[in-house]
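Here is a friendly walk through one protein chain, taken a region at a time. Keep the structure open beside you and follow along.

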Amino acid sequence: MTTATGPTAVTGTEAGAAVALADGAPLERGRARLQQALTVRFEAAAAGTARVPAPLVVPLGAADVLGFGLPDPYAALRPRANVQLTARAVLVGPWGGADTGTAACGQCLAMRWQRLRSRSEREALELGHQPHGAADWPLLTDYAVDAVWAAHLAVHTGRSTPPATGAPDRELPQVTRIDLGTLAAATFPLLPEPLCPSCVPPRPDTADAARMDLVATPKPDPDGYRLRPLGAYPLPTAALANPVCGTLGSDTWINPTSTTTAPVAGTNFVRGYAGLNDVTWSGQANSYSTSRTLAYLEGLERYAGTHRRRGTSPVVDSYNNLAADALNPADRGFYADDTYEKDHLVSPFDPDRPIPWVWGHSLRDERPILIPARLAHYSAGVDADNFVFECSNGCATGGSLEEAILFGLLELIERDAFLLAWYGRAHLTEIDLGSCTGDAIRTMLDRAALHGYDVHAFDTRMDLAVPVVTALAVRRDGGLGTLSFSAAAGFDPEGTVDAALSEVLTYIPHLPYQVAEREGELREMAADYRKVLHLKDHAQLYGLPEMARHAREYLEPTAVRPLEETYADWAPRRPRTGDLLDDLRLLRDELAGAGYDVIAVDQTTPEQRRMGLHTVSTLVPGLLPLDFGWTRQRALLMPRLRTALRVAGRRPDDLPESAIKAVPHPFP
């Protein structure tokens, strides 16, 4: 016998089981009270003319719905739940949505909601702690129940419509939140969850699915490398950042104190091999609206890069069994033996140990290739494959696979050149910034000067032809925040200078204060590099005046040349066909000609595909990888560090061990 009719009808057996589950924690008892009260109202409405689905209430926040901690006792019912009770609010939905392509379920909502909880809440849920609380909390007054029922009735009878946001948000399923303290109601759009076990049955990753048939890709103009303007992507911004079910975080914030750019940022927690990591995404441009769009795009890129969200299960086997079709992880570099002996978070690679692999595509060999999942998704991993920590180096987003791969490869080339110059003590040519014709560069130099900084730019190319520029901001009075570095690579020399300067300008307003706040800690790092552990440590360490001596090569350039003269040899090689594929082929051929494979792993999530975006992780085994933490520097051990400066004509012989600059890099 059923207690109600409609698409979410609950059988008597299910209802009885749910009530039995409520004989425990306060939140579960509250669920039983709310279910009973809503059922009474539903049955009264069903006797009239109202045709709405039966309310199905489950608790949210007392059990882990992401699969890390204690099993969710409501897992079987949650996908069909249309009312979820938390300690502070009731969530009604999902409801609405333009078509089946945007369908989301109660499990989708629960997963998105849990990812937005505080660190303490998530740790409690996901590490298996039992919930505790007041005996009769949440307090469910008749007013609260009436408000929940009114919302349930309104959203299913068409009397409630999505907020007046953009079309991409209005087309999505919606969730209405009723605050139990104030009874305030607010509605937010919900993107379907690509890892939802109810909506997305896992399928195996395959070689055929990884093949990339790259095609001609007309550019807006021969000197433009982005296929579409920022405003052309239908970003559902309210679904990306909201406090109930935001895909990337609960909100964005601006920094009105910055006098060099108009920064916008957001953050969320991502569970990785080292626990919960605070992942920040940001945009820095000359207007907050542009910066916000850039922040969302970076957030989506990191969302795709931290974990595989394509509904595919990895290949699990040992390298020795897969070697004919797999990348040898040794080609990406390992840590020093001492690191594996002393760092409890990593262990040496074992070619006989089964680990997860994902399929990528070799652009050089035009074939699928297996990549350790640890190298393609930098927050994913299991204990069996903890041989390195990867970062977002080489991950990029674009309006096509071709665009995303191009910018991913440029990033790899940029970081490789930076590390070669730093560790190899290369003396560089400084670019005369007065020779740049664009007004933007002059404006940036003036803004830096107002902060007391002089900004320099250096040609950092090594054995690859594409322009690479390192920017260095130097505080004139030598105080805290002494040096700040950044880098960029690109086909347009002046655009590359612009990109490098733009990035360094985002750092200098805050660097002196960051260094002052951590001065004692940073001085300990300067005395013992083993204490350099995190990304921020590398850049902030060079805010100490005494660290400037390690950047002597930058402060003593070999020459100062105009931009056009510096890159005169690049001009005839640069493709000007108007086809982005030709630019990508040039990069591929440059890297392959130097002896390296060129690999792309498609990270594109279903959410991105709907927005017309593509994200990839690019890998060029043998280029110097960017690492953070002094004891985890693969670059110091790789053959390329010894040979590249000789191949580039910067020295007559291979770099001897005694010439390597054994000092942490300053890359931000």
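How much space lies in the second largest pocket? In this predicted model, the answer is about 1000 Å³.

## The second largest pocket

A good place to start looking is the middle of this pocket. Its lining is made up of 43 residues, and those closest to the centre are Phe68, Leu195, His307, Arg308 and Ala380. Sorted by character, the lining has 22 nonpolar residues, 14 polar ones and seven charged ones.

Several helices and strands share the job of lining this pocket. The elements that supply at least two residues each are α3 (106-115), β8 (262-272), β9 (275-285), α9 (288-306), β10 (312-313) and β12 (355-362). Which element gives the most to the lining? That is β8, with five residues.

## The sheet around β8

Strand β8 also belongs to an open sheet of three strands, with antiparallel pairing and the order β7-β8-β9. At the edges are β7 (253-254) and β9, each of which pairs on one side only. Between β7 and β8 the antiparallel pairing runs over two bridges, and here Ile254 stands opposite Val264 of β8.

Asn268 is another residue to pick out in strand β8. Is Asn268 buried or exposed? Its relative accessible area is 15%, so Asn268 counts as buried, the cut-off being under 20%. The Asn268 side chain reaches the backbone oxygen of Leu248 at 3.3 Å.

## A hairpin and two positive phi angles

Now turn to β4 (residues 174-179) and β5 (residues 185-189), which pair in the antiparallel sense over five bridges. Across this pairing, Arg177 stands opposite Ala186 in β5. The two strands form a hairpin with five residues between them.

Leu183 sits in the loop between β4 and β5. Although Leu183 is not a glycine, it has a positive phi of about 65°. With a relative accessible area of 34%, Leu183 is partly exposed.

Arg425 is also not a glycine, and its phi is positive at about 55°. You can find Arg425 in the loop between α13 (401-423) and β15 (429-432). Arg425 counts as partly exposed because its relative accessibility of 34% falls between the 20% and 50% cut-offs.

## A cis peptide bond

What kind of peptide bond joins Gly93 and Pro94? The bond is cis, and omega is about 5°. To locate this spot, look in strand β3 (residues 89-95), where Pro94 is found.

## Helix α15 and the loop before it

Helix α15 covers residues 493-507, and its length can be checked with simple reasoning. With 15 residues at 1.5 Å a residue, α15 should span 21 Å; the end C-alpha atoms are 22 Å apart, which agrees. The buried residues of α15 are Pro493, Glu494, Thr496, Val497, Ala500, Leu501, Val504, Leu505 and Thr506.

Asp492 lies in the loop between β18 (483-489) and α15. A relative accessible area of 29% makes Asp492 partly exposed. Asp492 and Val279 are 213 residues apart along the chain, and their C-alpha atoms are separated by 31 Å.

## Two more residues to visit

Gln633 is in the loop between β21 (614-619) and α23 (639-647). Why does Gln633 count as buried? Gln633 has a relative accessible area of 4%, and buried means under 20%. A polar atom of the Gln633 side chain lies 3.0 Å from the backbone oxygen of Gly629.

Finally, look for Thr39 in helix α2 (residues 26-46). Thr39 is partly exposed, with a relative accessible area of 22%. How far apart are the C-alpha atoms of Thr39 and Tyr303? They are separated by 39 Å, and the two residues are 264 residues apart along the chain.

Key. Residues are numbered from 1 along each chain as its sequence is written. This is a predicted model: local features need pLDDT of at least 70, side-chain atom pairs count only at pLDDT 80 or more; totals for chains, interfaces and linings use all residues. Side-chain values use heavy atoms; hydrogens and water are left out. Helices (H or I, at least four residues) and strands (E, at least two) are DSSP runs, numbered from the N terminus. The expected span of a helix is 1.5 Å times one less than its number of residues. Buried means under 20% relative accessible area, exposed over 50%, partly exposed in between (1.4 Å probe, protein chains only). On a 1 Å grid over the protein atoms alone, a cavity is a set of points where a 1.4 Å probe fits but cannot get out, and a pocket is an open set with protein on both sides within 12 Å along at least five of seven lines; lining residues have an atom within 4 Å of a point. Grid points are joined across faces, edges and corners, and a volume is the space filled by probe spheres set on the points. Ala, Val, Leu, Ile, Met, Phe, Trp, Tyr, Cys and Pro count as nonpolar, Asp, Glu, Lys and Arg as charged, and the others, Gly among them, as polar. Two strands pair if DSSP finds at least two bridges between them. A polar contact is a pair of N or O atoms within 3.5 Å; within protein, one must be able to donate a hydrogen and the other to accept it, and residues adjacent in sequence count only if both atoms are side-chain atoms.
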